[in-house]
Amino acid sequence: MSFLRRRSPATPAGPDFDVLAMDPGDWPGNLGAGLLPAPDGTCQGVFLRYDLFGGRGPAMIIGNLPEGSPARDLAEGQIPFEAAQLLAALDMDEHVEVAETEDVPVMQGDNLLIVRRLKLTESRISCVQFDRSDGVLVTIASWDRPITDDLYALLKPLPAELFQQG
């Protein structure tokens with residue numbers, strides 16, 4: 001994804017990397033965003049929670065985790081941070097693991113993505129991941145609906161102002 005770049009460090013209140021997700025204006029439900037701060041104040045990741053269920057829980061969580069983010073360090077079989085956040089938001093405390101993964105080529109505009117589809121032991125969660133050219137890992141976790149290839153066409157860098165405090 002050659003159009004993505006590191007942001008300048010002039011915006012310490014938000015991430016120093018572009019956040020790839022669906023534009024909030026394109027989403028008919030509620031949107032929430034969260035930053036994963038490091039002890040030194042840097043941003044170790046961003047996740048966006050898209051809620052279509054009228055406050056009864058999210059339909060989808062999209063995470064952007066840069067290289068070095070501790071949320072990327074997973075034990076064997078451990079589910080991604082975004083899938084864990086989805087389960088927590090839905091008040092589900094059952095143990096869920098990654099059962100298998102499959103790499104699938106997908107086109108996003110002129111870019112070829114190698115998407116990892118994660119099959120989880122909770123079959124109502126769809127989860128995919130791909131690496132961007134700037135080293136950021138994008139994870140999409142969806143509740144009770146499959147993630148289809150046309151979703152990738154909706155992903156775009158969000159404006160930095162969306163993540164600034166003040």
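Which residues does Tyr-152 touch, not counting residues up to four places away in sequence? The legends below start with the whole chain and come back to this residue.

**View 1. The whole chain is a predicted model with one helix and nine strands**. Helices (H or I, at least four residues) and strands (E, at least two) are DSSP runs, numbered from the N terminus. Along the sequence, the pattern reads β-β-β-β-α-β-β-β-β-β. The chain has 166 residues, and 48% of them are buried. Buried means under 20% relative accessible area, exposed over 50%, and partly exposed in between (1.4 Å probe, protein chains only). The chain exposes about 8600 Å², with carbon and sulfur atoms supplying 49% of it. Accessible areas come from the Shrake-Rupley method with a 1.4 Å probe; for residues, only the protein chains shown count as cover. Residues are numbered from 1 along each chain as its sequence is written, and side-chain values use heavy atoms, leaving out hydrogens and water. Local features need pLDDT of at least 70 and side-chain atom pairs count only at pLDDT 80 or more, while totals for chains, interfaces and linings use all residues.

**View 2. Seven strands form an open sheet**. Their order is 2-3-4-8-7-6-5, with antiparallel pairing. Two strands pair if DSSP finds at least two bridges between them. Strand 2 and strand 5 stand at the edges with a single partner strand each, so one side of each has no neighbour in the sheet. From one strand to the next, the twist averages 20 degrees. Angles run from 0 to 180 degrees between N-to-C directions, with axes being lines fitted to C-alpha atoms, for helices over the stretch in contact. Helix 1 lies across strands including strand 2, strand 4 and strand 8, and runs at about 145 degrees to strand 4.

**View 3. Strand 2 and strand 3 form a hairpin**. Five residues lie between the two strands. Gly-41, in the turn, has a positive phi of about 90 degrees. Seven bridges join strand 2 (residues 30-37) to strand 3 (residues 43-51). Asn-30 has Asp-51 as its bridge partner in strand 3.

**View 4. Tyr-152 sits in the largest nonpolar core**. A nonpolar core is a set of buried Ala, Val, Leu, Ile, Met, Phe, Trp, Tyr and Cys residues joined through side-chain atoms within 4.5 Å. This one has 28 residues; Ile-62, Ile-140 and Tyr-152 touch the most other members. Strand 3 gives the most to this core, with four residues. Tyr-152 touches Val-106, Gln-108, Leu-113, Val-115, Arg-117, Val-128, Phe-130, Ile-140 and Ile-147, not counting residues up to four places away in sequence. Contact means heavy atoms within 4.5 Å.

**View 5. Gln-129 lies in strand 7**. Gln-129 is buried, with a relative accessible area of 10%. Its side chain makes a polar contact with the side chain of Thr-139 (3.1 Å). A polar contact is a pair of N or O atoms within 3.5 Å; within protein, one must be able to donate a hydrogen and the other to accept it, and residues adjacent in sequence count only if both atoms are side-chain atoms. Seven bridges join strand 7 to strand 8, which run antiparallel.

**View 6. His-95 is found in the loop between helix 1 (81-89) and strand 5 (98-108)**. His-95 counts as exposed because its relative accessibility is 64%. Its side chain makes a polar contact with the side chain of Glu-97 (2.8 Å).
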